[in-house]
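Subject: Handover of a structure and notes on its contents

Dear colleague,

Please find below the structure that I am handing over to you, together with its sequence. My notes on what was found follow directly after it.

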Amino acid sequence: PKKEVADLGCGDTSLLWMLKFHKCLELLVGVDTNEEKLRRKEYKLSPLVGDYLKPRERTLTVTLYHGSAVERDSRLLGFDLITCIELIEHLDSEDLATFPKVVFGFLSPAMVVISTPNSEFNPLFPAVTLRDSDHRFEWNRMQFQTWALDVANLYNYSVEFTGVGEPPAGAENVGYCTQIGIFRKNMAKAAELCVPEQHGEHVYKVVFTATYPSLQQEKYRQYAVVNEVISQVYDMRRDLLERLKLQDDRDFADTSADAGTSEAPCQCFQPVLTRFSANMEKTPKPFCVGNVFYVPLERLFSLPKVKHLCINIEMLKTLIADTVMLNSDGSAVMVDIHDEDN
Ligand SMILES: C[S@@+](CC[C@H](N)C(=O)[O-])C[C@H]1O[C@@H](n2cnc3c(N)ncnc32)[C@H](O)[C@@H]1O
Ligand SMILES: [Mg+2]
């Protein structure tokens, strides 16, 4: 799975904001020459309450750099994906010549996505000049594809062309409003050419950085385990109490029908929790002694969510020991049978 993505010329960071919802990502980087633009919506990239309540599986770091796509910064080396959305047409000819050397030659990501206006679409707009006063050029499909194929050949990538913005009926021949090149590194050859990692070139300035909570961090893993254990224990206890109430009601009905023949209530209950898996059924069942309800750790560990968070029962015990009450040999969680508000 793709883990590290950098968006060059990220502007107000809306692409990064959308990408951060992808659970597989571990590092998201935005770079722009316009620092003010980077700062404008940085708050949207900070973790929210929900990110703490339901931490990600993998840690995600989001960093914004003030810098240029034609400067080399080793912190962006070897990413899985670099995107340049509506960037290249803002580069003057000198920067445009440097751009492939930096992005493909130096940073050398597994994949690059470049979008730029398709000038063939322009006659469909009311005013037929450049789309933005800062554009240095707008290419037709032939110009973009020629440039892209040259770059791909030079740096050992393959390239595929697509776009966004379908032309209206009758004008299909002009192609997409925005043309897109998707470059993929030829991995076999890249491995042969593999250069030792270059270090030390940190020319970009950090403008913003945030790390999202994740289950890889002990603290959040502990929260998640304790939450799951407590809610499961209370569910099991509720099931038991409901069964007891049913039993009571039945006993009461029996008693009134045929006074004196009902059995004495048992002291050790073995609730049948039908919604649990067969695996769980093999583990020791929750039980009650007096007013205390016990759930063996072995049973809790058989819950898929708990198993996913803990390597073994020892780890489960360590993570919950500070927060929940364990019996004397530490083999079961204990709660008061009637302590509803806890
Ligand atoms: C048309 S905007 C696109 C913004 C964003 N990618 C989007 O699609 O909404 C172009 C952006 O590229 C930035 N830019 C221009 N030259 C740059 C360079 N050499 N390096 C990095 N960013 C640059 C501009 O500041 C601007 O934010
Ligand atoms: Mg533009």
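In which strand is Val31 found? Val31 belongs to strand E2, which covers residues 27–32. Please keep in mind from the start that this is a predicted model. Val31 counts as buried because its relative accessible area is 1%, and buried means under 20%. Between Val31 and Lys20 there are 16 Å in space, measured here in the sense of C-alpha to C-alpha, and the two are 11 residues apart in sequence. (A correction to my wording: this distance is computed from the coordinates of the predicted model, not measured.)

**The eight-stranded sheet**

Strand E2 is one member of an open sheet of eight strands. Their order across the sheet is E6-E7-E5-E4-E1-E2-E3-E8, and the pairing is mixed. Which strands stand at the edges? They are strand E6 (157–164) and strand E8 (205–212). Each has a single partner strand, so one side of each is left without a neighbour in the sheet. From one strand to the next, the twist averages 15°.

Within this sheet, strand E1 (residues 4–8) and strand E4 (residues 81–85) pair in the parallel sense, over three bridges. As an example of a bridge, Asp7 has Thr83 in E4 as its partner.

**The three-stranded sheet**

Another open sheet is formed by three strands, in the order E9-E10-E11, with antiparallel pairing. Its edge strands are E9 (287–289) and E11 (332–336), each of which pairs on one side only. Here the twist averages 30° from one strand to the next.

Strand E10 (residues 292–296) is joined to E11 by five bridges in the antiparallel sense. One position to find in the viewer is Val292, which stands opposite Asp336 in E11. Tyr294 also lies in strand E10. Is Tyr294 buried or exposed? Tyr294 is buried, because its relative accessible area is 15% and the limit for buried is under 20%. Although Tyr294 and Met334 are 40 residues apart in sequence, their C-alpha atoms are 4.5 Å apart in space.

**The magnesium ion**

Which residues coordinate the magnesium ion (ligand 2)? They are Glu89 through OE, His90 through NE2 and His135 through NE2, at 2.2 to 2.7 Å. Along the chain, these donors follow the spacing E-H-x44-H. Two of the coordinating residues may be compared by their accessibility. Glu89 counts as buried because its relative accessibility is 0%. His90, in contrast, is partly exposed, with a relative accessible area of 24%.

**Salt bridges**

Side chains of opposite charge can pair when their charged atoms come close. How many salt bridges are there in the model? The count comes to 15.

One of them links Glu35 and Arg39, whose closest N and O atoms are 3.0 Å apart. Both residues lie in helix H2 (residues 35–40). They are four residues apart, which is about one turn of the helix. Arg39 also forms a salt bridge with Glu42, and there the closest N and O atoms are 3.8 Å apart. As for accessibility, Arg39 is partly exposed at 38% relative accessible area, and Glu42 is partly exposed at 21%.

A further salt bridge is formed by Arg136 and Asp134, with the closest N and O atoms 2.9 Å apart. Arg136 counts as partly exposed because its relative accessibility is 45%. Asp134 is likewise partly exposed, at 34% relative accessibility. Which residues do shared partners join into one network of salt bridges? The network consists of Glu35, Arg39, Glu42 and Lys205.

**A nonpolar patch on the surface**

Finally, please look at Trp17, Met18 and Phe21, which form a nonpolar patch on the surface. Together these three residues have about 310 Å² of accessible area. Met18 has its place in helix H1, which covers residues 14–19.

For a first look, I suggest starting with the two sheets, and then turning to the ion, the salt bridges and the patch.

With kind regards

How values were computed
Residues are numbered from 1 along each chain as its sequence is written. Chains are lettered from A and ligands numbered from 1 in the order in which they are written. This is a predicted model: local features need pLDDT of at least 70, side-chain atom pairs count only at pLDDT 80 or more; totals for chains, interfaces and linings use all residues. Side-chain values use heavy atoms; hydrogens and water are left out. Two strands pair if DSSP finds at least two bridges between them. Helices (H or I, at least four residues) and strands (E, at least two) are DSSP runs, numbered from the N terminus. Axes are lines fitted to C-alpha atoms, for helices over the stretch in contact, and angles run from 0 to 180 degrees between N-to-C directions. Patches are made of residues with over 30% relative accessible area and no salt bridge: like charges are joined within 9 Å, nonpolar side chains (Val, Leu, Ile, Met, Phe, Trp, Tyr) within 5 Å. Accessible areas come from the Shrake-Rupley method with a 1.4 Å probe; for residues, only the protein chains shown count as cover. A salt bridge is a side-chain nitrogen of Lys or Arg within 4 Å of a carboxyl oxygen of Asp or Glu. Buried means under 20% relative accessible area, exposed over 50%, partly exposed in between (1.4 Å probe, protein chains only). Donors are N, O and S atoms within 2.8 Å of the metal (3.2 Å for Na, K and Ca); water is not among the atoms, so sites may look incomplete.
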